[in-house]
Amino acid sequence: MALATGDVLGILSDNLRLRGSVLPLPARDVTRWTEGLDLERGGRTVLYTGQMYQLMPYIERLVAAEQRLGNSPLGRLSGLGRRANRIVNVSSFLGRPPRHEREEACRVPRAVATLLREAGVSFGSLFEDDLYSGALAYDLGLDAVVAAQARRVHERLRGNGVKLAITIDPHTTHMLHTVYPHFLPDWDVAVRSYLEILAERNGHSVAAHGEVVLHDSCVLARAEDVVEEPRLLLASAGFSVLEPEQSGRSTWCCGGPVEALYPEKARAQAERRVEQLRAAGSECVTMCPLCLVNLSKAAGDTLVFRDISEVLLEASRLRN
Amino acid sequence: MTALVSPLFAERVREAGAFDAEACMNCGVCTATCPLGLDVLPRRVFRYVMLGLEDRVHDESETVFSCLLCRLCEESCPAGVHIAENVRTLRHHLNRSEHGLVV
């Protein structure tokens with residue numbers, strides 16, 4: 001059973017308004033991916049994570065707790081939790097995920113940073129000023145808190161002299177590229193997905209040596225029209241791209257967007273999508289942290305899922 | 001079955017954001033393509049808004065929040081209705097009117 005929708009919405013909204021994220025992270029976990037990369041602070045171009053990959057282990061704990069509470073009498077006290085959350089961050093009681101999970105959450109941002117450097121792109125980071133975009137709150141119709149968050153993000157980008165934000169995940173890309181300009185008439189930061197940047201600079205090609213099933217992100221394919229870029233990059237890296245039923249602009253959702261409110265519906269949708277992917281091949285490539293986590297969970301050990309950045313980086317290392 | 005009609009309901013929904021369902025001709029492509037198999041959303045709920053059937057919209061609140069906002073329906077909509085944005089606007093309205101949120 002799901003927790004009361006209004007209480008979950010209230011907690012997410014208050015967290016974004018009061019604490020800058022629907023699920024506030026310790027600063028160290030936001031910036032851990034930058035360690036050892038010798039990145040400059042700010043500058044004309046930055047790699048902007050929007051904290052999405054870093055959030056995933058925390059979201060997993062939150063969803064598991066929601067499911068436990070929803071199935072217990074304590075779930076009826078969610079209204080109390082909503083009121084208490086205005087004073088103290090109730091999500092902090094979930095505890096930190098184990099270190100290895102927090103380390104794993106850095107792998108994609110690090111892989112993207114490495115790929116961009118190999119492609120000759122110079123960029124900095126905003127470190128702890130790399131704020132969550134408000135993507136989930138926007139989807140849930142919590143527009144006032146999202147508008148305030150957009151202003152905070154814009155101030156950080158401007159304050160660090162940023163003209164171009166290179167984004168990693170589809171949701172942050174969509175928020176900064178397409179949604180923020182509606183909230184902020186003075187929005188003046190160019191936004192591009194790293195996949196677009198890499199595809200433009202892609203100059204090499206090798207013979208096919210493997211097959212991967214490509215799961216497109218709904219947001220990237222339909223809202224941002226990024227469809228050809230991942231195919232071009234995978235093909236150039238030596239992969240035959242297998243298209244599942246429902247791909248490209250017709251891709252099927254992983255279920256992730258409803259996980260915060262209705263985990264069981266999200267799981268059922270992920271299982272339906274896994275069936276389509278399984279029919280196409282055994283190794284799948286995703287480009288969104290929500291897709292990666294939801295589909296991996298639903299598939300168990302029947303399919304292998306990897307983020308496209310890690311697949312491309314591994315191919316690059318084999319080539320060099 | 002009786003239903004209360006609120007003539008100004010659609011206008012109140014529009015205070016929450018853009019809502020452009022007038023072009024919908026009820027062809028059913030959205031329903032046929034929905035990965036969740038939602039049959040009430042978007043067509044019927046949009047019609048409830050335009051007819052002022054506020055109670056019916058509130059009855060379908062869980063369905064409105066269950067939509068994935070994946071836009072597959074929008075991709076195929078022959079009338080070019082901005083379905084995902086309409087659903088977001090409905091959520092915004094329900095957040096205020098049903099969940100007591102200042103949004």
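This passage walks through the predicted model, from the domains of chain A to the contact with chain B and two backbone details.

Chain A is divided into two parts, with domain 1 spanning residues 5-197 and domain 2 spanning residues 203-319. Taken over C-alpha atoms, the centres of the two domains of chain A are separated by 22 Å. Across the boundary, 29 residues of domain 1 of chain A are in contact with 24 residues of domain 2 of chain A. On the domain 1 side, the elements of chain A that give two or more residues to this contact are helices H1 (5-19), H3 (52-70), H6 (107-118), H7 (135-139), H9 (170-183) and H10 (194-201). By class, the residues on that side of domain 1 divide into 13 nonpolar, 9 polar and 7 charged.

A useful place to look next is a sheet in chain A. Four strands form this open sheet, and they run in the order S5-S4-S6-S7 with parallel pairing. Strand S5 (239-242) and strand S7 (304-307) of chain A each have a single partner strand and stand at the edges, so one side of each is left without a neighbour in the sheet. Direction ignored, neighbouring strands of the sheet are turned by 40° against each other on average. Within the sheet, strand S4 (residues 210-214) of chain A pairs with S5(A) in the parallel sense over 4 bridges. Here Glu211(A) can be found opposite Ser240(A), a residue of S5(A). Helix H15 (residues 308-319) of chain A packs on the sheet, where this helix touches S4, S6 (283-286) and S7 of chain A. The direction of H15(A) makes about 80° with that of S7(A).

The same helix, H15(A), also meets H6(A), one of the helices named above on the domain 1 side. Two packed helices are described by the angle between their axes and the distance between the axes. For H6(A) and H15(A), the axes come within 9 Å and cross at roughly 45°. The two helices are therefore oblique to each other. The crossing in which H6(A) passes H15(A) is left-handed. From H6(A), the residues involved are Arg107(A), Val108(A), Ala111(A), Val112(A), Thr114(A), Leu115(A) and Glu118(A). They meet Ser309(A), Glu310(A), Leu312(A), Leu313(A) and Ser316(A) of H15(A). Sorted by class, this helix contact has 6 nonpolar, 3 polar and 3 charged residues.

Turning to the contact between the chains, 26 residues of chain A are in contact with 22 residues of chain B. The elements of chain A that give two or more residues to this side are H1, H8 (143-159), H11 (218-223) and H13 (263-280). The largest share comes from H1(A), which gives 5 residues. H1(A) is also among the helices on the side of domain 1 that touches domain 2. The side of chain A that touches chain B divides into 12 nonpolar, 8 polar and 6 charged residues.

Two backbone details are worth a closer look. Most residues other than glycine have a negative phi, and most peptide bonds are trans. Gln246(A), although not a glycine, has a positive phi of about 65°. This glutamine lies in the loop between S5 and H13 of chain A. In chain B, the peptide bond from Leu41(B) to Pro42(B) is cis, with omega near 5°. Pro42(B) lies in the loop between helix H2 (29-33) and helix H3 (43-51) of chain B.

Note on methods. Residues are numbered from 1 along each chain as its sequence is written. Chains are lettered from A and ligands numbered from 1 in the order in which they are written. This is a predicted model: local features need pLDDT of at least 70, side-chain atom pairs count only at pLDDT 80 or more; totals for chains, interfaces and linings use all residues. Two strands pair if DSSP finds at least two bridges between them. Axes are lines fitted to C-alpha atoms, for helices over the stretch in contact, and angles run from 0 to 180 degrees between N-to-C directions. Two residues are in contact if their C-beta atoms, placed from the backbone, lie within 7 Å. Domain bounds come from an automatic or database domain assignment. Ala, Val, Leu, Ile, Met, Phe, Trp, Tyr, Cys and Pro count as nonpolar, Asp, Glu, Lys and Arg as charged, and the others, Gly among them, as polar. Angles under 35 degrees count as roughly parallel, over 145 as roughly antiparallel, 65 to 115 as roughly perpendicular and the rest as oblique. A crossing is left-handed if the near helix is turned anticlockwise from the far one by less than a right angle, and right-handed if clockwise.
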